[in-house]
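Open the structure in your viewer, and keep the sequence beside it so that you can select residues by number. The stops below can be followed in order, one selection at a time.

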Amino acid sequence: MAKEVVMPKLGLTMTEGVIDNWLVKEGDTVSTGQPILEISSEKLTSDVESPASGTVLKILYHEGDTVKCKEPIAFIGQEGEEVSAQEKQESQVETEKQSTKKDITTSNTAKEVAGKGSGSDRIFITPLAKKIAKEKGYRIEEIPGTGGNGRITRRDVENFKPSEKTSSDTILQAQTGNDYVYGSGLEGMRKTIATRMMSSLQNAAQLTIHRKADITSLLDFRVEIKERVKTPLENGELGITTLLTKAVTKALRNHPNINVWYANGQLINNEEIHIGIATSLDDGLVVPVIKNADKMTLSELGQSIKDLSNQARKGTLPSNLYSGSTFSITNLGSAGIEYFTPILNSPEVAILGVGQSQKQLDLDSNDQVIKKSYLPLSLTFDHQIIDGAPAAEFLASVIDYLEDPYQLLF
């Protein structure tokens, strides 16, 4: 007996769904679990899988049609199998419904086109098609719909070729900010970065303060430890990034008001300290997360930084290590940058930028000329949550650990 394919219920409030795209046609052979169509509701999109292996005997609805949840939308069975009398009757009813829809499509489409300029008639478009149109910067008023009742489907949007006028209108819209979608016109990682960066800037009062740390003693400390330790240090145990990360974790423990999240009107205090290390890739930027970094030794911390960075560049980093950081560090020192303005990695409220170390001549307590090394640091914070004084105190705490490096061992 033929098996029904029904419109699924994707959420508690979903009562009907829209057929966005059929992935098969009548007569095709399918297997259990194979995606056979794409549907959407007001908030969700999903693939519908075949409930059985066999042949697509009958498709009851077309792309763009709206169907109530749990209603049959197709039948799967054995090739040559006859659909039952009841099923035939249902299919006939649906066929008649589709014929009626086709008869009135021309008049409905004409009404929609007439109303698009004046805004007097509703524009019928599937949620998925609307989302894609927004991402591409298309004006839905100019996209002809081929679905039921002239509804605009995903395929209509993908096949739409914007005119020169449409392109200029899109640019003007982007300049004026009307319904502009961050990342429009971009793809892949670049689009994700654009969306996150613009969202961060729009939702936080970002302020950056700058200060340099005297790392002369830190560099001497590294030399001394290397001389005393017999085991080769090959995993960045005493690298500047490792030592700085250790200093940051200790400073965060002293200043828990920095180790928080703020998003959607909620302030969340984090007991655990997870450090995000910004890592540059050929096509963008990712932020691998070192979980519970404050509980690691310098050796463990150096190994983790090395391993996560390598995995991120190879694309093998586990997905759960791309998010969850409570504080981030980004380093542009290798590019010769001294000071810069990092953008918050939301929902974090602070991020530390690291510049290229500088050597300069200075005077000691006896007014004797000596050579010193300094590390430029830039701290961006959300002024909604953190005032200037607490931010300065946190940065001073990080610098204190760097300038008295033996504290990093305990």
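**First stop: strand β19 and its partners**

Select residues 369-382, which make up strand β19, and notice that this strand is mostly covered, since 11 of its 14 residues are buried. Keep in mind throughout the tour that what you are looking at is a predicted model.

Now add residues 206-214, which form strand β9; nine bridges join β9 to β19, and the two strands run antiparallel. Which residue of β19 does Leu-207 stand opposite? Show both side chains and you will find that Leu-207 faces Phe-381 in β19.

Next bring in β17, which spans residues 350-354 and pairs with β19 in the antiparallel sense over five bridges. To see one of the pairs between them, select Leu-352, whose bridge partner in β19 is Leu-379.

Strand β18, residues 358-363, is also paired with β19 in the antiparallel sense, here over six bridges. Pick out Asp-362 and then its bridge partner in β19, which is Ile-370. Together β18 and β19 form a hairpin with five residues between them, and in the turn you can select Asp-367, which has a positive phi of about 60°. As background for this stop, strands of a sheet pair through backbone hydrogen bonds, either parallel or antiparallel.

**Second stop: an open sheet**

Move to the early part of the sequence, where an open sheet of four strands has the order β1-β8-β6-β3, with antiparallel pairing. Colour β1 (3-6) and β3 (29-30) to mark the edge strands, each of which pairs on one side only. Then select residues 54-59 for strand β6 and residues 72-77 for strand β8, and you will have two antiparallel strands joined by four bridges. Within this pair, Ile-59 stands opposite Ala-74 in β8.

**Third stop: helix α2**

Select residues 127-136 to display helix α2, and then show the side chains of its buried residues, which are Leu-128, Ala-129, Ile-132 and Ala-133. On which side of the helix do these residues lie? They are on the same side of α2, because they cover an arc of only 135° around the axis.

Before leaving this helix, look at both of its ends. At the N-terminal end, Thr-126 acts as a cap, with a side-chain oxygen lying 3.1 Å from the backbone nitrogen of Ala-129. After the helix comes Gly-137, whose phi is positive, near 80°.

**Fourth stop: the largest pocket**

Turn on a surface display if your viewer has one, and look for the largest pocket, which has a volume of about 1,200 Å³. To find its middle, select Ala-278, Thr-279, Leu-285, Val-286 and Val-287, which are the closest to the centre among the 47 residues that line this pocket. Several elements give two or more residues to the lining, including α7 (240-254), β13 (279-281), β14 (284-286) and α8 (298-314). The element that gives the most to the lining is α5, with six residues. If you colour the lining by residue type, you should see it divide into 24 nonpolar, 19 polar and four charged residues.

**Fifth stop: a residue in helix α6**

Select residues 216-228 for helix α6, and then pick Ile-225 within this helix. Is Ile-225 buried or exposed? Its relative accessible area is 18%, and Ile-225 therefore counts as buried, the cut-off being under 20%. Add Leu-238 to the selection as well, and note that Ile-225 and Leu-238 are 13 residues apart in sequence and 8.5 Å apart in space, from C-alpha to C-alpha.

**Last stop: backbone details in the loops**

For the final selections, it helps to know that most residues other than glycine have a negative phi, and that most peptide bonds are trans. Go to the loop between β10 (260-263) and β11 (266-269), where Asn-264 is found; this residue has a positive phi of about 55° although it is not a glycine. Asn-264 is exposed, with a relative accessible area of 80%.

Then select Asn-292, in the loop between β15 (289-290) and α8, which also has a positive phi, here about 50°, without being a glycine. Asn-292 is partly exposed, with a relative accessible area of 23%.

Finish with Pro-347, in the loop between β16 and β17, where a cis peptide bond joins Ser-346 and Pro-347 and omega is about 5°.

Note on methods:
Residues are numbered from 1 along each chain as its sequence is written. This is a predicted model: local features need pLDDT of at least 70, side-chain atom pairs count only at pLDDT 80 or more; totals for chains, interfaces and linings use all residues. Side-chain values use heavy atoms; hydrogens and water are left out. Buried means under 20% relative accessible area, exposed over 50%, partly exposed in between (1.4 Å probe, protein chains only). The arc is that of the directions from the helix axis to the C-beta atoms. A polar contact is a pair of N or O atoms within 3.5 Å; within protein, one must be able to donate a hydrogen and the other to accept it, and residues adjacent in sequence count only if both atoms are side-chain atoms. On a 1 Å grid over the protein atoms alone, a cavity is a set of points where a 1.4 Å probe fits but cannot get out, and a pocket is an open set with protein on both sides within 12 Å along at least five of seven lines; lining residues have an atom within 4 Å of a point. Grid points are joined across faces, edges and corners, and a volume is the space filled by probe spheres set on the points. Ala, Val, Leu, Ile, Met, Phe, Trp, Tyr, Cys and Pro count as nonpolar, Asp, Glu, Lys and Arg as charged, and the others, Gly among them, as polar. Two strands pair if DSSP finds at least two bridges between them.
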